[in-house]
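Here are a few exercises to work through with the model open beside you. Try each task before you read its solution.

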Amino acid sequence: MTTQTGEAPPAVATGVGDGGAEQTRAERRRARIRATIADTALRLFMSRGYDATTVEDVAAAVDLSPRTVFRYFPFKEDMLREAVHFELTELIAALRDRPAHEHPADALGRATVYMWSRMDKDPEEVRTLLRLISELPRMRGLLVEASRSGQNALAEALAPRLGRPAADLSTQVATGCALAALNIVLETWAAMPAGTDLAPLINSAMAGVKAGPLSPLRPTDHCG
């Protein structure tokens with residue numbers, strides 16, 4: 001049996017011969033199909049509107065049956081959730097590559113800027129996506145949810161720089177503050193004029209986190 005793309009369904013590993021390699025190829029293929037569905041759904045959401053785009057529309061655009069699309073994404077919201085995935089794995093990898101002597105906030109900010117510079121998405125498409133989310137009250141928690149789901153992983157990466165265990169409350173609070181700051185930066189940037197550079201906003205936010213977000217201004221901090 002073949003799918004509507006003309007490809008055979010994912011092979012099932014038998015446990016003999018090259019079953020392990022076959023399973024790996026199947027996993028890669030499923031990942032490619034999943035990414036294609038999510039990217040296509042995102043384009044349709046941005047061009048037609050989220051509510052006006054049906055699962056059937058997405059299925060037709062990727063030449064798959066609606067049933068196949070539902071296997072990958074049981075709910076339409078799941079497609080948008082996939083599209084706004086924070087690329088946390090890449091961020092953590094970039095953070096681990098930063099020099100060990102850097103302050104945690106500096107390292108995280110520079111890792112975020114580096115990850116942003118390497119994104120394969122057009123910044124204006126990302127801005128449109130963020131605006132789309134802001135217009136959907138039930139979806140506004142997606143960015144927060146995406147960051148929360150990876151908070152423990154980021155805490156593990158930050159823990160050596162903080163000199164505390166990842167599970168320590170202060171480490172979790174620090175990580176949560178940093179992720180909240182990045183989410184606020186994205187929302188602020190999305191509302192700014194097209195062409196606005198995101199990197200300075202990230203740097204400014206991380207400088208604020210580094211200084212202590214609840215620290216009152218000193219007299220010398222005021223301008224004039």
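Helices here are DSSP runs of H or I with at least four residues, strands are DSSP runs of E with at least two, and both are numbered from the N terminus. This is a predicted model, in which local features need pLDDT of at least 70 and side-chain atom pairs count only at pLDDT 80 or more, while totals for chains, interfaces and linings use all residues. Residues are numbered from 1 along each chain as its sequence is written, and side-chain values use heavy atoms, with hydrogens and water left out.

**Exercise 1. The overall picture**

Work out how many helices and strands the protein has, and what share of its residues is buried.

Start with the elements: you should find eleven helices and zero strands. Written from the N terminus on, that gives α-α-α-α-α-α-α-α-α-α-α.

Next comes burial. Call a residue buried under 20% relative accessible area, exposed over 50%, and partly exposed in between, with a 1.4 Å probe and protein chains only. By that cut-off, 37% of the 224 residues are buried.

Then look at the surface. Accessible areas come from the Shrake-Rupley method with a 1.4 Å probe, and for residues only the protein chains shown count as cover. The total is about 12900 Å², and carbon and sulfur atoms account for 55% of that.

Last, the contacts, meaning heavy atoms within 4.5 Å. Take those between residues at least 6 apart in sequence: 62% of them join residues at least 24 apart.

**Exercise 2. The two sides of α5**

Find which residues of α5 are buried, and explain why they line one face of the helix.

List them first: in α5 (residues 88-96), Leu88, Leu91, Ile92, Ala94 and Leu95 are buried. Now look down the axis and take the arc, that is, the arc of the directions from the helix axis to the C-beta atoms. The buried residues of α5 fall within 160 degrees, so they line one face. A general reminder helps here: an α-helix has 3.6 residues a turn, so residues three or four places apart point the same way.

Turn to the other side of α5, and you meet Thr89 and Arg96, both exposed. As for what covers the buried residues, α6 (104-117) and α9 (151-162) are among the elements that do.

**Exercise 3. How α6 meets α9**

Describe the packing of α6 against α9: at what angle do their axes cross, and which residues meet?

Axes are lines fitted to C-alpha atoms, for helices over the stretch in contact, and angles run from 0 to 180 degrees between N-to-C directions. The axes of α6 and α9 come within 10 Å and cross at roughly 140 degrees. Angles under 35 degrees count as roughly parallel, over 145 as roughly antiparallel, 65 to 115 as roughly perpendicular, and the rest as oblique. The two helices, α6 and α9, are therefore oblique to each other.

Now the residues: α6 brings Pro104, Ala107 and Leu108, and α9 answers with Leu154, Leu158, Arg161 and Leu162. Sorted by type, the contact has six nonpolar residues, no polar ones and one charged. In that sorting, Ala, Val, Leu, Ile, Met, Phe, Trp, Tyr, Cys and Pro are nonpolar, Asp, Glu, Lys and Arg are charged, and the others, Gly among them, are polar.

Stay on α9 a moment. Its buried residues include Leu154, Leu158 and Arg161. Ala153 lies in α9 too, but this alanine is partly exposed at 35% relative accessible area. Its C-alpha is 8.6 Å from that of Thr89, with their positions 64 residues apart in sequence. Just past the helix, Gly163 has a positive phi near 70 degrees.

**Exercise 4. Around Ile37 and Met79**

Is Ile37 buried or exposed, and which residues does it contact?

Ile37 sits in α1 (residues 19-48) and is buried, at 0% relative accessibility. Leaving aside neighbours within four places in sequence, its contacts are Val58, Val62, Leu64, Val69, Tyr72, Phe73 and Met79.

Follow the last of these. Met79, in α4 (residues 76-83), is likewise buried at 0%, and its contacts beyond four places in sequence include Ile37, Val55 and Val58.

Finish on α2, where Val55, Val58, Ala59 and Val62 are buried. They span an arc of only 100 degrees, which puts them on the same side of α2.
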